[in-house]
Amino acid sequence: MTESMPKCHFYKLPNEIILHLLNPIPTPELLRLAVLSHRIYTLILRILQTRLVAASELSSHTLLLECYQPSARLTEPPYFCTYHGTDGLTHYDPLSNDNTKVAARLGQMRNLYSRFQPHRRELESGGRRVRRPPGDVPGSRTYPGSPADKFEGETVKQILSLDGHELFTQLVAQTNLVKIGPRHGLFACFVGVEEGVVRVWRDWLRDMAVKGRTVMPDTPQEGLKHEGKGKKAVREIVEEKRDLSDESILWVSQARNTGLKFNIKERKLRRDVPVLIRADEEDMPVSYEIEYDELLIRTSHLLLMLEKSLVQENNESGKAIVFGSFNAS
C-alpha cells in the first residue's frame, strides 16, 4: 500500500504552507536554512522583511538610551527613544524576478539601520521614574516611547568641557530594550542592545562645531499620511537616506551596531587672559554643547535583541524585573 502512494516531496508544498512551517523558527536558525535552495531563500527573505519591519517599529517595546560622562553616572536619567524610520526597508519587492537583486538582498538587510531620536521626559521629584500623563496605560500606543509618541519630548542636550591639558573626554553609552511593566519602576523584560565607551576628541568637537556653523543641518520635511479606516491624516517625517560614513556619527563599538549622531555648538566662555598668552592656543579650556540628533541601530541586531526579549518575557512566567529604589511606606 505504501509503494502505491505517490511520493510527497517538501518542494511540492505550496509557498503558503512552507511559510507557515518556517515562521516559528527563530531568526538565527532560519538564516542557516537560506542556503538550501533559491526558493527557500526567497521565502526566508519574505519572513525576514516582515520581522525587520516589526522590530524597527517596536510597537510593544521601548528603547532607553543611557549616555553620560562617567562623573554623571548617578545623576543623568535615561532617555526615551522614538522611532523615525528605517532607510531602504520598504524598497524590497518579494515578487521581483530579478535574481541579482534577490541574491544581494540578505546582505542589504544586514546593513539597514533604524533611526531613533532620544528625548527627555519629565521626572518625578526624588527619583528617576517617568511621570506619565493621566490615562497613559503601559503597553498602549500612547505610552512614552511608542511610535505614536514620536513628536513629543524635550531635545537632549549636554555640556562637554575639556581643560587645557585634556585631548578627549568620554561618554558611557548603553542602549536597552525594555517592556514597561504595570507599575512605576517595573520592567516586564530588560535586554541590553549594546554598551560601550565613546571617546570624544577635542579636535573632533572643534571640527564638528565649525561644520555646524558653515553647513545648514538637514531639515526633515513633514508630509501627510492617511491611516486607519477613516483615513485620518497624521504627520510623518520624510528624510533622505543617511550617510553612515558621516563624521558626526560616533559608533559605540567596532561592530557598528549602534551609533550616535550629534549637533555640536561651541560655548563662548569669558576668559581673563594675561597679555602674554594667546587666547587661541590649543591648551586653553573649551566647552561645547552637544545635541543628540539621532540614535542609529542596526535593524537586524535590533531584531535579534527583540526575539531575545520575547524569550525572556515568556520564561519569566509573570515575574517583573525591578530597577530603582522605592520608599517604604
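Student: Which residues are buried in helix α1 (residues 15-22)?

Tutor: First, this is a predicted model, where local features need pLDDT of at least 70 and side-chain atom pairs count only at pLDDT 80 or more, while totals for chains, interfaces and linings use all residues. Residues are numbered from 1 along each chain as its sequence is written, and side-chain values use heavy atoms, leaving out hydrogens and water. Helices (H or I, at least four residues) and strands (E, at least two) are DSSP runs numbered from the N terminus; buried means under 20% relative accessible area, exposed over 50% and partly exposed in between, with a 1.4 Å probe and protein chains only. In α1, the buried residues include I18, L19 and L22.

Student: Why do the buried residues of α1 line one face of the helix?

Tutor: Directions are taken from the helix axis to the C-beta atoms to get the arc. On the other side of α1, E16 and H20 are exposed. The buried residues line one face because, seen down the axis of α1, they fall within an arc of 100°.

Student: What do the buried residues of α1 pack against?

Tutor: Packing is judged by contact, which means heavy atoms within 4.5 Å. By that test, the partners of the buried residues of α1 are α2 (27-32) and α3 (38-57).

Student: Which element gives the most to the largest nonpolar core?

Tutor: A nonpolar core is a set of buried Ala, Val, Leu, Ile, Met, Phe, Trp, Tyr and Cys residues joined through side-chain atoms within 4.5 Å. The largest one has 55 residues, and L63, F116, L205, F262, I264 and Y292 touch the most other members. With nine residues, the element that gives the most to this core is α3.

Student: How many residues are in the second, separate core?

Tutor: Among its members are L64, V178, I180 and F187. The size of this second core is five residues.

Student: How many bridges pair β2 with β3?

Tutor: Two strands pair if DSSP finds at least two bridges between them. β1 and β2 run antiparallel and are joined by three bridges, with C81 in β2 as the bridge partner of L63. β2 also pairs with β3 in the antiparallel sense, and there T86 has S114 of β3 as its bridge partner; the number of bridges between β2 and β3 is six.

Student: Is A72, in the loop between β1 (62-68) and β2 (79-86), buried or exposed, and at what relative accessibility?

Tutor: A72 is found in that loop. Its C-alpha atom is 9.8 Å from that of L171, 99 residues apart along the chain. A72 counts as buried because its relative accessibility is 18%.

Student: What kind of aromatic pair do F262 and Y292 form?

Tutor: Rings of Phe, Tyr and Trp (its six-membered ring) pair if their centres lie within 6.5 Å; planes under 30 degrees apart count as stacked, over 60 as edge-to-face and the rest as tilted. Both F262 and Y292 are buried, and together with Y79 they form one aromatic cluster. Their ring centres are 4.9 Å apart and the planes are at 70°, so the pair is edge-to-face.

Student: Which residue's charged end sits over the ring of F168?

Tutor: A charge sits over a ring if NZ of Lys or CZ of Arg is within 6 Å of the ring centre and within 35 degrees of the ring normal. Here the charged end is 4.1 Å from the centre of the F168 ring, and it belongs to R199.
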